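Student: I would like to work through this model step by step. Where do we begin?

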Amino acid sequence: MRLTVLCAICACMIATVPALAGEKVDLVRVDKSDRRLQLIGDGKVLQSYSITLGGDPLGHKHQEGDQRTPEGRYVLDWRNPNSIAHKSIHISYPNADDLAAAKARNVDAGGMIMIHGQPNGFGWWGWLLQLVDWTDGCIAVTDCDMDEIWAMVADGTPIEIER
């Protein structure tokens, strides 16, 4: 057990080495169909991660509880180091267009869409939880990947979420 924990800690430390190199991320790109999140800097892919999405991931988020991840261009506007998952970075959904569309349908647009790690206490299950879409519309990565994203991505970074 101790060896497993030590290996996991070493893997996380090695994974964050690019963050220490000072590479600037100027865009986060998410491809929902490929289940990939990419950190882009100066037009190049700096890092790429496997992701999971909500339980009904096809299409744009329309309302609270639909278990969809929004599509379009947003901003990563604030972060929570003490969230119910291993760290989280907020996506600025809903924007004005999302709110207007929800109002026209007489529904709540929802919110609190995040990039986050595994639920607290379940990080060691990360490899297993990454095999299925399990969030309520957020973008989930392993805890080690979240540590790297957290270190490399500044608040105010744009995010493009594509079908």
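Tutor: Begin with a term: a residue is buried if its relative accessible area is under 20%, exposed if over 50%, and partly exposed in between. Keep in mind that this is a predicted model.

Student: Is Ala109 buried or exposed?
Tutor: Ala109 sits in the loop between H3 and E6. Its relative accessibility is 5%. The cut-off for burial is under 20%, so Ala109 counts as buried.

Student: Which residues does Ala109 touch, leaving out those up to four places away in sequence?
Tutor: Take one pair to start: Ala109 and Tyr93 are 16 residues apart in sequence, with 8.7 Å between their C-alpha atoms. Tyr93 is one of the residues that Ala109 touches. The full list is Lys61, His62, Gln63, Glu64, Tyr93, Pro94, Asp98, Leu99 and Ala102.

Student: Which residue does a cis peptide bond join to Tyr93?
Tutor: Most peptide bonds are trans. Here omega is about 0°, and the bond is cis. The partner lies in the loop between E5 and helix H3 (96-105). Tyr93 is joined to Pro94.

Student: What is the pattern of helices and strands along the sequence?
Tutor: The chain has five helices and eight strands. Read along the sequence, they follow α-α-β-β-β-β-β-α-β-α-β-α-β.

Student: In what order do the eight strands stand in the open sheet?
Tutor: The pairing in this sheet is mixed. Strand E3 (44-50) and strand E7 (139-140) each have a single partner strand, so they stand at the edges. One side of each is therefore left without a neighbour in the sheet. The order is E3-E2-E1-E8-E4-E5-E6-E7.

Student: How many bridges pair strand E1 with strand E8?
Tutor: E1 covers residues 27-31 and E8 covers residues 157-162. Val28 stands opposite Ile159, and Val30 has Ile161 as its bridge partner. The two strands pair in the parallel sense, and the number of bridges is four.

Student: What sense does the pairing of E4 with E8 have, parallel or antiparallel?
Tutor: Strands of a sheet pair through backbone hydrogen bonds, in either sense. Tyr74 has Ile159 in E8 as its bridge partner. Five bridges join E4 to E8, and the strands run antiparallel.

Student: Which residue in E5 stands opposite Arg79?
Tutor: E4 and E5 pair in the antiparallel sense. Four bridges hold that pairing. Opposite Arg79 stands Ile89.

Student: At about what angle does helix H5 run to E3?
Tutor: H5 spans residues 143-152. It lies across strands E2 (36-41), E3, E4 (72-80), E5 (88-91) and E6 (114-116). Its angle to E3 is about 150°.

Student: Why is H5 described as largely enclosed by the rest of the structure?
Tutor: Look at which of its residues are buried: Asp143, Asp145, Met146, Asp147, Glu148, Ile149, Trp150 and Met152. H5 is largely enclosed because the buried count is eight of the 10 residues.

Student: What share of the chain is made up of buried residues?
Tutor: The chain has 163 residues. Of these, the buried share is 41%.

Student: Near what value is phi of Arg35?
Tutor: Most residues other than glycine have a negative phi. Arg35, in the loop between E1 and E2, has a positive one. Arg35 is partly exposed, as its relative accessible area is 24%. Its phi is near 55°.

Student: Where is Lys87 found?
Tutor: Lys87 also has a positive phi, near 60°. Its place is the loop between E4 and E5.

Student: Which residues lie nearest the centre of the largest pocket?
Tutor: This pocket has a volume of about 470 Å³. Its lining has 19 residues. By class they are eight nonpolar, eight polar and three charged. Nearest the centre lie Ile84, Met112, His116, Asp136 and Cys138.

Student: Among contacts between residues at least 6 apart in sequence, what share joins residues at least 24 apart?
Tutor: A contact here means heavy atoms within 4.5 Å. Of the contacts between residues at least 6 apart, the share that joins residues at least 24 apart is 63%.

Key: Residues numbered from 1 in each chain as written. Predicted model: local features only at pLDDT ≥ 70, side-chain atom pairs only at ≥ 80, totals over all residues. Heavy atoms only, no water. Pairing = 2+ DSSP bridges. Axes fitted to C-alpha atoms, helices over the stretch in contact; angles between N-to-C directions. Buried < 20%, exposed > 50% of the residue type's maximum accessible area, 1.4 Å probe, protein only. 1 Å grid on protein atoms, 1.4 Å probe; cavity = no way out; pocket = protein on both sides within 12 Å on 5 of 7 lines; lining within 4 Å. Points joined across faces, edges and corners; volume = space filled by probe spheres on them. Nonpolar A, V, L, I, M, F, W, Y, C, P; charged D, E, K, R; others polar.
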